[in-house]
Amino acid sequence: METLTKIITTISGFLWDNILVYALLITGIYFTIRLGFPQIVKFGQAMKEAFGGLFSKEKKSGGVSSFQALATAVAAQVGTGNVAGVASAIISGGPGAVFWMWVSGILGMSTIFAEAVLAQVYRQKENGEVYGGPAYYMTKGLKNKTFGKVLAAIFAIFIILALSIAGNMVQSNSIAASMEQAFGIKPIYVGLVLGVMIFAIVVGGIQRISKFAELVVPFMAIVFIGVGIAVVIKFRANLGPVFSQIFKFAFTPEAAVGGAVGFTVKQAVKLGLQRGLFSNEAGMGSTPHAHAVAEVAHPVNQGLVAMAGVVVDTLIICTMTALIILLPGANEGLAPGVTGAVVTQNAFKLAFGNVGEMFLAVTLLFFAFTTILGWYYFGESNIMYLVGKKALLPFRIIVVAAVVFGTTLSAQIVWDISDLFNALMVLPNLIAVLLLSKVVVNKKKEFEQIHK
């Protein structure tokens with residue numbers, strides 16, 4: 001088992017550290033330039049598209065509303081990475097990593113715009129249900145049909161393994177661990193309750209998942225942001241120095257002082273970009289499944305909505321997590337090896353005492369639970385692509401079993417496997433998105449002609 005773990009982590013580490021972070025970054029730069037800086041030029045329109053119809057009760061045939069699609073995407077994006085991932089980046093890369101996390105979010109907005117547009121263009125209806133995503137735009141969009149089908153099959157298999165099964169085991173493990181630490185509840189009991197709740201929601205398909213996400217995601221985001229604002233107010237004297245550190249150490253090395261660890265600019269850049277990309281999932285091929293089912297007037301409408309998801313996930317929630325950690329100095333004076341959610345937990349304790357620890361446990365419950373639902377649905381879309389509706393019930397049972405079983409495991413090996421499968425699913429998606437970039441550009445021009 002130790003040898004297998006080492007092989008998995010070595011391959012995964014090589015792919016992420018040497019290929020994928022740079023490929024995702026270059027893709028973001030490419031689409032930013034080719035689409036005319038949509039994250040700046042279209043920012044106001046994106047916010048209006050995303051939240052303008054928030055209270056609309058219009059019924060959608062087969063699909064869901066634009067906001068419900070966004071809520072489902074954000075449900076998957078906002079997970080334990082927003083709590084643990086940001087902390088890990090700060091601990092290993094210093095405060096400067098936060099700046100590069102912002103850069104990844106800003107560039108990722110153009111990539112996710114392209115993914116959402118393609119998902120809308122090449123979506124299809126199956127038995128009255130709308131489905132779409134990378135496997136669909138690979139098969140229907142790429143000129144070489146054989147190549148498209150092979151690429152789609154590789155992507156579909158890896159996303160099912162990476163997110164719906166291995167990834168969801170990690171998410172349920174995070175929930176169980178935090179519940180046990182904060183409230184003393186045995187993990188297996190947490191797993192059984194989670195399993196029942198997950199099955200009750202996913203059996204209703206995208207309609208039920210999106211309605212649940214529409215209710216819960218805005219609530220959890222507003223509460224977390226509200227608590228973050230409370231921390232900012234409480235430690236407002238440190239706000240200037242913290243922002244100074246973020247910008248200073250993004251470009252200059254941070255020397256070791258006393259027992260503290262020093263950080264290089266390379267560490268800050270790499271970890272900030274990596275954690276930002278992990279968090280907002282731009283270019284990874286996951287969120288297009290949610291954006292494909294939105295009923296909108298034009299594919300670009302949903303591309304704009306998708307950009308708003310990155311704003312919420314990376315530029316707002318991840319920034320709040322960073323401030324919650326940095327303002328009270330929760331990243332300082334830690335024992336060697338302490339990282340991840342423990343650091344964020346330390347921050348909440350410094351700000352609110354023991355109540356803060358319980359709040360973080362509940363926050364992780366909401367974040368991870370909604371991620372499980374989002375990742376389940378991404379898998380469902382690909383099960384439909386590979387096998388069809390007859391496989392949905394067995395797939396739902398497997399996912400629920402994985403969620404329950406995940407609460408009893410040590411998370412590290414499952415997370416390592418999930419990371420590797422993640423890497424293997426990103427590659428075919430980036431190839432397809434870049435090959436279909438002309439379609440995205442043409443759809444944007446068409447949209448602008450309509451709205452002259």
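Six salt bridges were identified in a search of the whole structure, which is a predicted model. One of these joins Glu-295 and Arg-123, whose closest N and O atoms lie 3.1 Å apart. This pair connects distant parts of the chain, with the two positions 172 residues apart in numbering. Glu-295 is located in the loop between helix H13 (288-292) and H14, whereas Arg-123 occupies the loop between helix H6 (96-121) and strand S1 (124-126).

Helix H14 (residues 299-326) also packs against helix H3 (residues 43-51), the two axes coming within 8 Å and crossing at roughly 95°. Because angles of 65 to 115 degrees count as roughly perpendicular, H3 is roughly perpendicular to H14. On the H3 side, the contact is made by Phe-43, Gln-45, Ala-46, Met-47, Glu-49, Ala-50 and Phe-51. H14 contributes Asn-301, Leu-304, Val-305, Met-307, Ala-308, Val-311 and Val-312. By class, eleven of the residues in this contact are nonpolar, two are polar and one is charged.

At the surface, a nonpolar patch of about 1000 Å² is formed by Phe-183, Ile-185, Ile-188, Tyr-189, Leu-192, Phe-219, Val-223, Phe-352, Val-355, Met-358, Val-362 and Phe-366. At least two residues of the patch are supplied by each of helix H9 (187-202), helix H10 (205-234) and helix H16 (354-386). The greatest contribution comes from H16, with four residues; Val-362 of the patch is found in this helix.

Terms used. Residues numbered from 1 in each chain as written. Predicted model: local features only at pLDDT ≥ 70, side-chain atom pairs only at ≥ 80, totals over all residues. Heavy atoms only, no water. Axes fitted to C-alpha atoms, helices over the stretch in contact; angles between N-to-C directions. Parallel < 35°, antiparallel > 145°, perpendicular 65-115°, else oblique. Contact = heavy atoms within 4.5 Å. Nonpolar A, V, L, I, M, F, W, Y, C, P; charged D, E, K, R; others polar. Patch = residues over 30% accessible without salt bridge, like charges linked within 9 Å, V, L, I, M, F, W, Y side chains within 5 Å. Areas by Shrake-Rupley, 256 points an atom, 1.4 Å probe, with all protein chains shown as cover. Salt bridge = Lys/Arg side-chain N within 4 Å of Asp/Glu carboxyl O.
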